[in-house]
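Visitor: I've got a model open and would like a quick tour. Could you walk me through it?

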Amino acid sequence: MATFDLAEHPHRRYNPLNGEWVLVSPHRAKRPWQGQQEEVSKEVRPQYDPSCYLCPTNERANGEHNPDYKSTYAFDNDFAALQPGTPAGTLTKAGLLRAESERGICKVICFSPRHDLTLPDMEASDIRKVVDLWQQEYAQLGALDFINHVQIFENKGQAMGASNPHPHGQIWAQSSIPAGPAKETQQQAAYYTEHQRSLLQDYLELELEEKTRIIYENEHFVVLVPFWAVWPFETMLLPRRHFQHIGQLGEEEKNAFADAIKRLTMAYDRVFNVSFPYSAGIHQRPTDGQEYLGWHLHMHFFPPLLRSATVKKFMVGYEMMGDPQRDITPETSAERLRSLF
Ligand code: ZN
C-alpha cells in the first residue's frame, strides 16, 4: 500500500474549534480545475430603489421611515425572531420534552445607503464604518443584563436565501449561547486550560509556518482556508493578536479588518465572475460577564458555490446523516483563492 497522502486518499479532518470531523475525498476531484469561467450577466441595480425597505427615506413594514442615512444604519428587525419582552418560563416533561423561553434582540445593519453595492464594491474606509458599527452594537447589546451572546452575521445572495440585495447584515443577540459558539467556547476553554494559550493563536502560527492554506495577510489580520474547512471555498479571518472580542480592536486593527474583508470578498467575486454568495459571521466571547481567557475572535465565511456560478454544494444525504464531506481539498481551494487576490 502507498503511504497516506492528504492530497490523494480519503480521510477525515478534525476541527479543534468545534470538535467535529469532516470527510475529505480528494481522489474525486484530482483532475485539474475545470470550473466554468464564463461571464454571468450581472443584474444591474439602481443606486436607490424606491421599493427597497433598506434604502434611505423608504417606508418599512411597521410604517416607520428610514432616515436619509449617509453611511451605515442599524434598526430593530421588523420581523424579529427574538423579542426583548418575552416572559420567563420553562416546560419540562419526563426530561424529554423541554422548552425554555428566550429573550433577545434582532437588528438589521445597512452597510451602505447605496442599493447597488456589496461589501467588495465598497471602499475599505466605508467597510471600516461597518466594523465601527459592529463594535458599537456588540458593546451596547452585550451590556444589557439579559443578553449573553451577540451574533453578528451577513447572509449574502439569493443562493443563501437572502431576501434583499441591498448590502446589509444582521445581529441576533440573546440570553443563551447558541450551539455553534457554545462548542467553540468549550473547545477553546479546554485548550486554554491545558496550554495557557489560545487555540487559534497556536493554530495560526502553524498555518503561517506551513503557508499552504494562507491566502492573504496584512499587518493585523490573516485570511486562510481552515485545515478542517467544510464548504468548498470556506475561509476564516484571524487577528494576529489574541483578541477575545471586537471591542478590543484599536484603530489600526479595525482598518486591517476592513481591508481583509474587502480583499477577500473581491477575490470571492473573481472565483466564478459572479457576486459570490456566502454566510459570514463573527464569533467572539459571550457577553455574560465571564472571563473566557481562551476565546479568540475570528470571522467565518461559508460560501456555498462549488463548480460554477450556478452549481452549489448541498449538505444532504450522508452529510445530514453522518458528517460533512468535501472533494476538493482545502489546500487546492486556498491555492485557487490566493491566485485571485
Ligand atoms: Zn467560530
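Guide: Sure, let's begin with the hairpin. Strand β1 (residues 11–15) and strand β2 (residues 20–24) pair in the antiparallel sense over 5 bridges. Strands here are DSSP runs of E, at least two residues, and helices are runs of H or I, at least four, numbered from the N terminus; two strands pair if DSSP finds at least two bridges between them.

Visitor: Before going on, what kind of model is this, and how are residues numbered?

Guide: It's a predicted model: local features need pLDDT of at least 70 and side-chain atom pairs count only at pLDDT 80 or more, while totals for chains, interfaces and linings use all residues. Residues are numbered from 1 along each chain as its sequence is written.

Visitor: Which residue in the turn between β1 and β2 has a positive phi?

Guide: Across the two strands, R13 stands opposite V22 in β2. The hairpin leaves 4 residues between β1 and β2. The one with a positive phi, about 80 degrees, is G19.

Visitor: Which strands stand at the edges of the open sheet?

Guide: The sheet has 9 strands, in the order β3-β6-β8-β7-β12-β13-β11-β10-β9, with antiparallel pairing. Each edge strand has a single partner, so one side of it is left without a neighbour in the sheet; the two are β3 (73–76) and β9 (214–217).

Visitor: Which residue in β6 does D76 stand opposite?

Guide: β3 pairs with β6 (residues 104–110) in the antiparallel sense, over 4 bridges. In β6, the residue opposite D76 is K107.

Visitor: What angle does the direction of α4 make with that of β10?

Guide: Helix α4 (residues 251–271) packs on the sheet, touching β9, β10 (221–224), β11 (235–239), β12 (278–283) and β13 (298–302). Contact here is C-beta atoms, placed from the backbone, within 7 Å. Axes are lines fitted to C-alpha atoms, for helices over the stretch in contact, with angles from 0 to 180 degrees between N-to-C directions. For α4 and β10, that gives about 25 degrees.

Visitor: Which element gives the largest share of the largest nonpolar core?

Guide: A nonpolar core joins buried Ala, Val, Leu, Ile, Met, Phe, Trp, Tyr and Cys residues through C-beta atoms within 7 Å, where buried means 20 or more other C-beta atoms within 10 Å of a residue's own. Of its 70 residues, W134, F257 and A260 touch the most other members. The largest share, 9 residues, comes from α4.

Visitor: Leaving aside neighbours within four places in sequence, which residues is F257 in contact with?

Guide: With those neighbours set aside, the contacts of F257 are V131, F221 and L249.

Note on methods: Two residues are in contact if their C-beta atoms, placed from the backbone, lie within 7 Å. A residue is buried if 20 or more other C-beta atoms lie within 10 Å of its own, exposed if 12 or fewer, and partly exposed in between; C-beta atoms are placed from the backbone.
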